Amino acid sequence: MSLITDISSQAAKAAKKLALLSTEQKNAVLADMAKGIRENSDAIIKANEADLAAARDNQLSDAMIDRLTLNQARIESMAEGIETIIQLDDPVGARRDMGVRPNGIKISKMRVPLGVVCMIYEARPNVTADAGALCFKSGNGVILRGGKEALASSLEIAKAMHKALEKHDLPAALVSVIPDPDRGLLMELMQQKDYIDLIIPRGGEGLINFVTENSTVPVIQHFKGVCHLYIDKDADLDKALALLLNGKTQRTGVCNALEGLVVHQDIAATFLPKAAAALAEKGVKINACKQSAEYFENAVMLNEDEFGEEYLSLEIAIRQVADFDAALAHIDRFGSHHTEVICTENQAAAELFQRGVDASVVMVNASSRFSDGSALGLGAEIGIATTKLHAYGPMGLESLTTEKFLVNGEGQVRE
């Protein structure tokens, strides 16, 4: 048996044991996982420093290095994320009544774990803790295949989680880290349909395309985060400026950062000079349509088909539109089904925007940076689905379960 098949089969076997644990038992293990991550923070940071040194030697982008970097604050955030998951309702075993058929049989549905979830990710060591905890609470085994950029960090985080599992006489295979980033092993991992139930890739568009094209296991896709802020003609411009600055500059190398600004022409002459001054102060590079470029110094003029880039840096695309419908058309063409925001004081426009925009998260007068699992009350997220089967948007505990039918009768037979 190969290394990958052995890891996959052991994870599937361990998941069956996990499915029998009570919520109280799972929460006790999670508490020890959070404690272990805190207690091992020095070792985790030391491993992360080795990953960062290699990343700089390999000239990785600033966005990639930001995602890779761990410090005491981010490690504390990982631990707090696990503790948040403890407080969340356990979806496993939840039932909903489907009624009684004319023949007397009673139908209900019960939430059950998916089985084994495989995470394939790049320079995101926090995924190890987030995915491990979410999968554990939802009754799933998890196989973690990080890129070489984050391998030392991921192994050290997993070591802390394994100690918690062992303390409670549970197999370490419930949180399995592939110890070798070899591409050949990745190809083999994606063929483990007998043991793995779902693959969730997190990383650049190239990684998601590679996994989608080569996996024989179902894949949840999140290609990129091209998020827009639309400033409506009835917007509060102070709110609009705050949403723009927070969405674009608070943290640039993340998928919920703003990449596009769409402005109604009726307020463009008032709003865009304010935006120009504020964005210039933050050092944001401006790419703009012809109508908007005149408000900015050194703006790069964009042609009609050049919008829709995911910059992941201090850079943004700006488009002026004639009306609400034109804003929706722009977002429909250039968005990535991730997160879209409208700033408006017009309730009708807000409701129409939320109904009409095809994105997994649609916001009114709130920063795009709130589009993640923790901010939306899910605890740590395992990923963001921008396709609609079976989840859409940030994936928390419930998205890691499915439902099975329960049928209860008194001897009925079908005629």
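1. The expected span of a helix is taken as 1.5 Å times one less than its number of residues. In this predicted model, helix H2 (residues 23-39) has 17 residues, and its first and last C-alpha atoms lie 24 Å apart. That span is close to the 24 Å expected at 1.5 Å a residue.

2. The burial of H2 merits a separate remark. Its buried residues are Lys26, Asn27, Val29, Leu30, Asp32, Met33, Ala34, Gly36 and Ile37. The elements that cover these buried residues include H1, helix H3 (41-57), H5, H6 and helix H7 (151-167).

3. The largest pocket holds about 760 Å³ of space. It is lined by 29 residues, of which Ser77, Asn126, Asp130, Arg251 and Asp372 are the closest to its centre. Two or more lining residues are given by each of helix H4 (62-68), helix H5 (72-87) and helix H6 (126-137). H5 provides the largest share of this lining, with six residues. H5 and H6 are also among the elements that cover the buried residues of H2.

4. As to composition, the lining of the largest pocket comprises 11 charged, 11 polar and seven nonpolar residues. With regard to domains, at least three residues of this lining come from domain 1 (3-221 + 391-408), and at least three come from domain 2 (227-375).

5. The second largest pocket has a volume of about 250 Å³. Among the 14 residues in its lining, Ala12, Ala15, Lys16, Gly115 and Asp197 are the closest to the centre. Helix H1 (residues 3-18) supplies the largest share of this lining, namely five residues. H1 also appears among the elements that cover the buried residues of H2.

6. The lining of the second largest pocket divides by class into seven nonpolar, four charged and three polar residues. For the reader's reference, the lining of the largest pocket likewise has seven nonpolar residues.

7. A final point concerns Phe210, which is located in helix H9 (residues 205-214). Leaving aside residues up to four places away in sequence, Phe210 touches Arg183, Leu186, Met187 and Met190. For one of these contacts, Met187, the separation from Phe210 is 23 residues in sequence and 9.7 Å in space, C-alpha to C-alpha.

Key:
Residues numbered from 1 in each chain as written. Predicted model: local features only at pLDDT ≥ 70, side-chain atom pairs only at ≥ 80, totals over all residues. Heavy atoms only, no water. 1 Å grid on protein atoms, 1.4 Å probe; cavity = no way out; pocket = protein on both sides within 12 Å on 5 of 7 lines; lining within 4 Å. Points joined across faces, edges and corners; volume = space filled by probe spheres on them. Helix = DSSP H or I, 4+ residues; strand = E, 2+ residues; numbered from the N terminus. Nonpolar A, V, L, I, M, F, W, Y, C, P; charged D, E, K, R; others polar. Domains from an automatic or database assignment. Buried < 20%, exposed > 50% of the residue type's maximum accessible area, 1.4 Å probe, protein only. Contact = heavy atoms within 4.5 Å.
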